[in-house]
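Here is a brief report on one structure. Two topics are covered: a helix pair and the cysteines.

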Amino acid sequence: MTARTRNGSISVQLHGCPFDGAIGAPAGDVLARVNFAGGAGGTSLDDGAPRLTTHMVGEHNESAEEIWVSTLPVTAGVAGEAVFAEDGEHLFYAVRLDARPVYRDAVRRMYETALEFAFERGYTEMARMWNLVGGITDPNANGEEIYQDFCVGRAEAFAAWDDRVGRLPAATGIGTLSQGVDLCFIAVRPGRTTHIENPRQTPAYKYPARYGPKSPSFARATWLRGLGDEPGTLFVSGTASIVGAETVHVDDTAGQVDETLRNIEVLIGEENLAGYGVDRGFELKDLNQIRVYVRDAEDLPLVRERVRAAFPAHTEIAWFNVDVCRPDLLVEIEGVCR
């Protein structure tokens, strides 16, 4: 394993047609590649780097690739069904769970295996997670919503690891176009993360029971402190038009976009971050590497226009036409501030 240093950092670079804004080739060692493709491809180790291929491209968007790079030397490998890479400070891990009638037990095993792998290597803090769930609001074999089924397994795994994992990280739970679950995450050495909530929203892990037998397991954002002179990074979870625990602006796409942006603005602002000991704040213009998920294809032009107007012209934005985690949510937005 690569020796640790105190001046390493990671960054994400976005490539492909759905991403607005041109960037150059990746600089540094590749920690991960995430392909947004026209079919499910699972995990692989390509050119010495882990790759997750997830089915999020249909007739309304084109394939793209997200590349995570590190300023430190990276080593990569295969662990059972998973692929991973590490640089001594950061671990990327990705695994695919194939479709099944009920997900609960398999999701718990998948998460516990992933957490054990990270902890054995000393990456004991989760910084950012993505849960890409096929048919996310469809019923499973028991008539339960697949996302609620998934959340039970995930919550059970986190409960089993509660004395080690502690606070939950920033995360996204979003639909894909193929059945099954793609999980990937970034974990780091201890002492670097602060998990952030939004005063406008009930913490997801405290949602009332009407939203499912187990609440979603994530924080609204995670602050990852930089090493040495490197700046910190704020990971913003998938954010939607939710105030308190309730969906607002039902059937109003423009209203949901505006409410989502308000939620992000408050979440990343100086006043909120100061309450968590983060000595800087951000504005919407500072959000980058944005993914926008839109449930209905006919809403894409409106969402694109409204989101684009909120950000500088150079902002990198990806657009995906996939289901969101509640049937009444039309839009979800995530990003990174640095």
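The text below takes the helix packing and then the cysteines of this predicted model.

**Helix packing**

Helix 1 spans residues 104-120, and helix 2 spans residues 146-160. The two pack at an angle of about 40°. Their axes lie 7 Å apart. Helix 1 is therefore oblique to helix 2. The crossing of helix 1 past helix 2 is right-handed.

On the helix 1 side, the contact is made by R104, V107, R108, Y111, E112 and L115. Helix 2 contributes D149, F150, V152, G153, R154, E156, A157, F158 and A160. By class, the residues of this contact are eight nonpolar, one polar and six charged.

**Cysteines**

How many disulfides does the count give? The count comes to zero. A disulfide requires a pair of cysteine sulfur atoms within 2.5 Å. Two cysteines, C325 and C337, show how the sulfurs miss that cut-off.

| Cysteine | Closest cysteine sulfur | Sulfur distance | Relative accessible area |
|---|---|---|---|
| C325 | C151 | 7.9 Å | 16% |
| C337 | C184 | 19 Å | 0% |

The sulfur of C325 is too far from that of C151 for a bond, at 7.9 Å. C325 is also buried, with a relative accessible area of 16%. For C337, the closest cysteine sulfur is in C184, and 19 Å is again too far for a bond. C337 is buried as well, at a relative accessible area of 0%.

Technical notes
Residues numbered from 1 in each chain as written. Predicted model: local features only at pLDDT ≥ 70, side-chain atom pairs only at ≥ 80, totals over all residues. Heavy atoms only, no water. Axes fitted to C-alpha atoms, helices over the stretch in contact; angles between N-to-C directions. Helix = DSSP H or I, 4+ residues; strand = E, 2+ residues; numbered from the N terminus. Parallel < 35°, antiparallel > 145°, perpendicular 65-115°, else oblique. Left-handed = near helix turned anticlockwise from the far one by under 90°. Contact = heavy atoms within 4.5 Å. Nonpolar A, V, L, I, M, F, W, Y, C, P; charged D, E, K, R; others polar. Buried < 20%, exposed > 50% of the residue type's maximum accessible area, 1.4 Å probe, protein only.
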